[in-house]
Amino acid sequence: EQRSDQNTMNITYAGTFSYTEPLGGRKYLEANYSYRANVNDVSRLVYDVADENDAFLDSLSNDYKSNFEYHRAGLNFRIAKSQYNLVFGTSAQRTNLHGDLHLRDVQIDRSYQNILPSVRFNYDFSTSRHLRFDYETNVEEPSIQELQPVIDNTDQLNVYVGNPNLRPAYNQSWRLNYHTFNPMNFMSFFAFLDVDYVTNAITNSRSIDEAFITTTRPVNVDNNMSIRANTTVSFPINKIKSRFTFGGNFRNVRSINILDEIASTIHQQVAGGNIRYGYRYKEIFDLALEMRLDRQLTDYAFDQPDQLFLNNIYSAEANLTFLKHFQFNADFEFLQYEDHSRNETREIPLLDLSLSRFVFKDKSGEIKVSVDNLLDEALGISQTASLNYFERQTTNSLGRYFLVSFTYALNKQANPMGAMRRGGGIRIIR
C-alpha cells in the first residue's frame, strides 16, 4: 500500500518580434524573432504505508524543476500579387532544456540546433476556386518527464521510466488542398493531400516480464511517415429536386513498434468513401440516403496475422410534414462489421420513429412522441487495430425506449429560420 502526494506548477511566457521591409513591386522581406519559455516545478513524493508510520520511498519519488526555452530567428521573402501569395524562408532555432532532479542531485542539460525551412503558396483562380500549398518543419523536443530516469509506478501493472538519451524529433509536413464552388449550379469540389515525415521519431518501447508487468520507456526510432488524402464532390439535379454527394478518403501510416527490444515495422492502410443522395419537396417532404464504407488493413512485420476490418454503415432518413402542424420522422441505420482475420460478421439494424405536433405562434412549441431503437438491438460494436494491439469493443446499450417530450424554442422569434428541434430551447421530458 502506497501513498503519493503530487504538486505541479507551470508557467509559460513568450514573445515575438517581426519587421517587414518593402522591396517594391509588392515584394517584401520579413525578419522575425521568437522566444518561448516553459517552467515546470513538480513534486511527487511516494510513501510506503506501514501501520501508523509512512516510510518515504526515495526510489519512486521525484522532485524536479525544468526550464524549457527556445530562441528562433528567421528570414522570409514574400510576394503578394492579386491572384497569388508566395512566402518562403527559413529559421534557425536553438532549444535549451534544463532540469534539476533534487532528490538525486542530478541535472539534465540538453541543447538542440535546427534549421526550419518553410514555403506557403496560395493561388486564387477566382473568388470561388482556390489552391493552397504549405511546407512546414518543426522540432518536437522530449519533455522533462520523458528524459528523467525515474520510475513511475502509479499503475503498478504499467510502469513508466524516462530516457535521458532521447533526441528531438524533426517533423516535415506537406499540405496541398484545392476547393471550388460554382454559385450558378451549386456544384462543389474539395480535395486535400497531407504528408508527414518524422525523423528521430519518439515512440514508446514496451517490455513485458513473466509477471505480465509492462514497462514503457520512450526511445528514438529512424522515421515514421503518414499520408492522408480526401476528396468530395457534390452537385444538385434540379429537375428531380435532388442532390448527390460522393466522397473518398485514404490514409497510409508507417510506424515502428518496439516490443521486448525488438523493432518491427507496421503498415496501416485505411480506405473508404461515402455516397449520399438527398431529395426535398418544398417544405413537405425530404429524404436522405447514405452509404459509408471503411476498410482498414494493418500489416505487422513480426509474427502476427494481418488484421483486415470492414466497417459499413447504410442509413436512410425521411421527414414528412402534413396538416401544417404535424411532422413524422423516420431514421434507419444498418451497421455491418466484418473481421476477415477471424471470419466474423455482425449486423445491427437501428430504427427510430417520431411524431411531432407544433403549437403556439411561429411553431415555437413542439410536442413529440418518439420511439428509439424500435428493433431493440441493444448492442454497440467498435473495432480497430493499432501499432501493437487489435481491439473490438461490444457495448450493451439501452435498447428500445419510448419518450414523450415538450420543447419550447426561446429564440424562435430571434431566429425564425432556426431548427426548432435542435437547440435554443428548454426541454421538459415527462
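Which residues form a nonpolar patch on the surface? I will start there, with the reminder that everything I describe today comes from a predicted model. The patch is made up of Tyr281, Ile284, Leu320, Phe322, Leu323, Phe328 and Leu355, and together these residues have about 600 Å² of accessible area. Of these I will single out tyrosine 281, which belongs to strand S14, spanning residues 262-281, and which counts as partly exposed because its relative accessibility is 32%.

Let me turn from the patch to the aromatic residues. A pair of aromatic rings is described by the distance of the centres and the angle of the planes. The count for this model comes to 21 aromatic pairs, and the one I would like to show you is formed by tyrosine 84 and tyrosine 123, whose ring centres are 6.4 Å apart and whose planes meet at 10°, so this pair is stacked. The pair links distant parts of the chain, since tyrosine 84 is in strand S5 (residues 84-101) while tyrosine 123 is in strand S6 (residues 106-126), 39 residues apart. Both rings belong to residues that are partly exposed: tyrosine 84 has a relative accessible area of 27%, and tyrosine 123 has a relative accessible area of 21%. If you follow the rings outward from this pair, you come to one aromatic cluster, formed by Tyr84, Phe121, Tyr123, Phe125, Tyr178 and Phe189.

Leucine 131 is a useful place from which to look at that cluster again. This leucine lies in strand S7, residues 129-140, and is partly exposed, with a relative accessible area of 25%. Setting aside neighbours within four places in sequence, leucine 131 is in contact with Phe121, Asn122, Tyr123, Phe125, Leu176, Asn177 and Tyr178, and the aromatic cluster I have just described includes Phe121, Tyr123, Phe125 and Tyr178. For a sense of scale, the C-alpha atoms of leucine 131 and glutamine 269, which are 138 residues apart along the chain, are separated by 27 Å.

Next come the charged side chains. Side chains of opposite charge can pair when their charged atoms come close. There are 15 salt bridges in the count for this model, and I will go through a few of them. Arginine 3 and aspartate 54 meet through their side chains in a salt bridge, at 2.9 Å from N to O. Arginine 3 lies in strand S1 (residues 2-24) and aspartate 54 in strand S3 (residues 53-56), so this salt bridge ties together parts that are 51 residues apart in sequence. Arginine 3 is partly exposed, at a relative accessible area of 32%, and aspartate 54 also counts as partly exposed, at 36%. The charged end of arginine 3 also sits over the ring of tyrosine 47, at 4.5 Å from the ring centre. A second arrangement of this kind involves arginine 78, whose charged end sits over the ring of tyrosine 28, 4.7 Å from the centre.

In two further salt bridges, a buried aspartate is paired with a partly exposed arginine. Aspartate 134 and arginine 132 meet at 2.8 Å, N to O; the aspartate is buried, with a relative accessible area of 10%, whereas arginine 132 counts as partly exposed at 32%. Arginine 342 forms a salt bridge with aspartate 339, the closest N and O atoms being 3.0 Å apart; here arginine 342 is partly exposed at 43%, and aspartate 339 is buried, with a relative accessible area of 1%. There is also a network, in which salt bridges that share partners join Arg175, Asp194, Asp196 and Arg228.

I will finish with the backbone, in one loop. Most residues other than glycine have a negative phi, and most peptide bonds are trans. What is the phi of phenylalanine 360? The value is positive, about 70°, although the residue is not a glycine. Phenylalanine 360 is placed in the loop between strand S18 (344-359) and strand S19 (365-372), and is exposed, with a relative accessible area of 54%. Aspartate 362, found in the loop between S18 and S19, has a phi near 60°, again a positive value in a residue other than glycine. This aspartate is partly exposed, with a relative accessible area of 40%.

Technical notes. Residues are numbered from 1 along each chain as its sequence is written. This is a predicted model: local features need pLDDT of at least 70, side-chain atom pairs count only at pLDDT 80 or more; totals for chains, interfaces and linings use all residues. Side-chain values use heavy atoms; hydrogens and water are left out. Patches are made of residues with over 30% relative accessible area and no salt bridge: like charges are joined within 9 Å, nonpolar side chains (Val, Leu, Ile, Met, Phe, Trp, Tyr) within 5 Å. Accessible areas come from the Shrake-Rupley method with a 1.4 Å probe; for residues, only the protein chains shown count as cover. A salt bridge is a side-chain nitrogen of Lys or Arg within 4 Å of a carboxyl oxygen of Asp or Glu. Helices (H or I, at least four residues) and strands (E, at least two) are DSSP runs, numbered from the N terminus. Buried means under 20% relative accessible area, exposed over 50%, partly exposed in between (1.4 Å probe, protein chains only). Rings of Phe, Tyr and Trp (its six-membered ring) pair if their centres lie within 6.5 Å; planes under 30 degrees apart count as stacked, over 60 as edge-to-face and the rest as tilted. A charge sits over a ring if NZ of Lys or CZ of Arg is within 6 Å of the ring centre and within 35 degrees of the ring normal. Contact means heavy atoms within 4.5 Å.
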